[in-house]
Amino acid sequence: MNRQAFKLITFDITGTLLKYRSSPAVEYSNILNKYGLEVRLSTLENLINKNWTFMTKAHPNFGLYTGLKWENYWRLYAQNVFSKAFQLENITDNVPLTDIIDDLMMTYSTGETFKVQNGAIELLEYLNNEQIPLGVLTNYDPRINSMIKNLGLSHYFKFILSSYEVRSEKPDIKIFRKAESYIEKGLNREQFLHIGDSYLLDFKGAKNAGWSACLVHIDKNIIEQYPSLSGCIFDDFTVLKNFLVSCNSKKMYSEQ
């Protein structure tokens, strides 16, 4: 990735700025434990993964295009997981499934299931001090706004765009074009940087939109599969911050 002074920087959220406090299987298990129910973690993990594959194909973008809508999408998602888990674990007692799902929905709405990645705050503080416009581009439902606020991060961002609200999921370039509407026109798109953790969704999506892109928190061995990632993967936000500092130092030197 070329060293240059960026005019806009956007972040993916899950896996990039935030990481799970614990796995979804553990979160599901914790909710069940509150109701005196116990399901093996391996069972929950398997069902959660299978259901994710099914639901994303059957109801893309959290049910937006099929009329299910995001709230019902997640309720159906949880119902599928819990109902099958109870069947596999021979739990036949009268189970308050609606209450369990309500509890799970609340847990995932507050942001408590996530924690901020190490070095993220320092990077955001630095970029804010440099007065670089920051944004969020995430394949998520509208709850991401309250989650980011509850985690104390919302004041860093000029905009937060969820795929559900924009009606466009990464790697579709529409969500990147929407981000461009928040800054002055006529800038070189290569001066827009998107930071994520997925080659297909984040890196390729941004590149197809004409942006610069980089990935964090992923295995560098992926370069063997995708050579275009060479020089565009950073171990963590501390390393990335050092790179961006050098970009701005180059800008200051060129202006002298």
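Is D103 buried or exposed? I begin with that residue because D103, at a relative accessible area of 17%, falls under the 20% limit and therefore counts as buried. Please keep in mind throughout that the model before you is predicted.

D103 has a partner. Its side chain meets that of K34 in a salt bridge, with 2.9 Å from N to O. The pair connects distant parts of the chain, since K34 belongs to helix α1 (residues 24–34) and D103 to helix α5 (residues 97–110), 69 residues apart. K34, in contrast to its buried partner, is exposed, with a relative accessible area of 57%.

Let me now turn to the division into domains. The domain assignment gives domain 1 as 8–19 + 117–250 and domain 2 as 22–110. Their C-alpha centres are 29 Å apart. On the side of domain 1, 13 residues are in contact with twelve residues of domain 2. Between them the two domains bury about 1200 Å², and 54% of this lies on carbon and sulfur atoms. In domain 1, the residues that lose the most area to domain 2 are R143, Y164 and R167, which together account for 54% of what that side buries.

What of the polar side of this interface? The rule finds zero salt bridges across it, but seven residue pairs are in polar contact between domain 1 and domain 2. Helices α7 (144–150) and α8 (163–166) each supply at least two residues of the side of domain 1 that touches domain 2. The largest share comes from α7, with three residues. By character, that side of domain 1 divides into four nonpolar, five polar and four charged residues.

R143 deserves a second mention. This arginine forms a salt bridge with D141, the closest N and O atoms being 3.0 Å apart. R143 and D141 are both buried.

I close with the salt bridges elsewhere. The structure holds eleven of them. In one, the side chains of E180 and R177 meet at 2.8 Å, N to O. Both residues lie in helix α9 (residues 173–180), three residues apart, or about one turn of the helix. E180 counts as buried, at 14% relative accessibility, whereas R177, at 27%, counts as partly exposed. Finally, D12, K170 and D202 are joined into one network by salt bridges that share partners.

Conventions. Residues numbered from 1 in each chain as written. Predicted model: local features only at pLDDT ≥ 70, side-chain atom pairs only at ≥ 80, totals over all residues. Heavy atoms only, no water. Domains from an automatic or database assignment. Contact = heavy atoms within 4.5 Å. Buried area = accessible area lost by both parts, 1.4 Å probe. Salt bridge = Lys/Arg side-chain N within 4 Å of Asp/Glu carboxyl O. Polar contact = N/O pair within 3.5 Å; in protein donor to acceptor, adjacent residues only side chain to side chain. Helix = DSSP H or I, 4+ residues; strand = E, 2+ residues; numbered from the N terminus. Nonpolar A, V, L, I, M, F, W, Y, C, P; charged D, E, K, R; others polar. Buried < 20%, exposed > 50% of the residue type's maximum accessible area, 1.4 Å probe, protein only.
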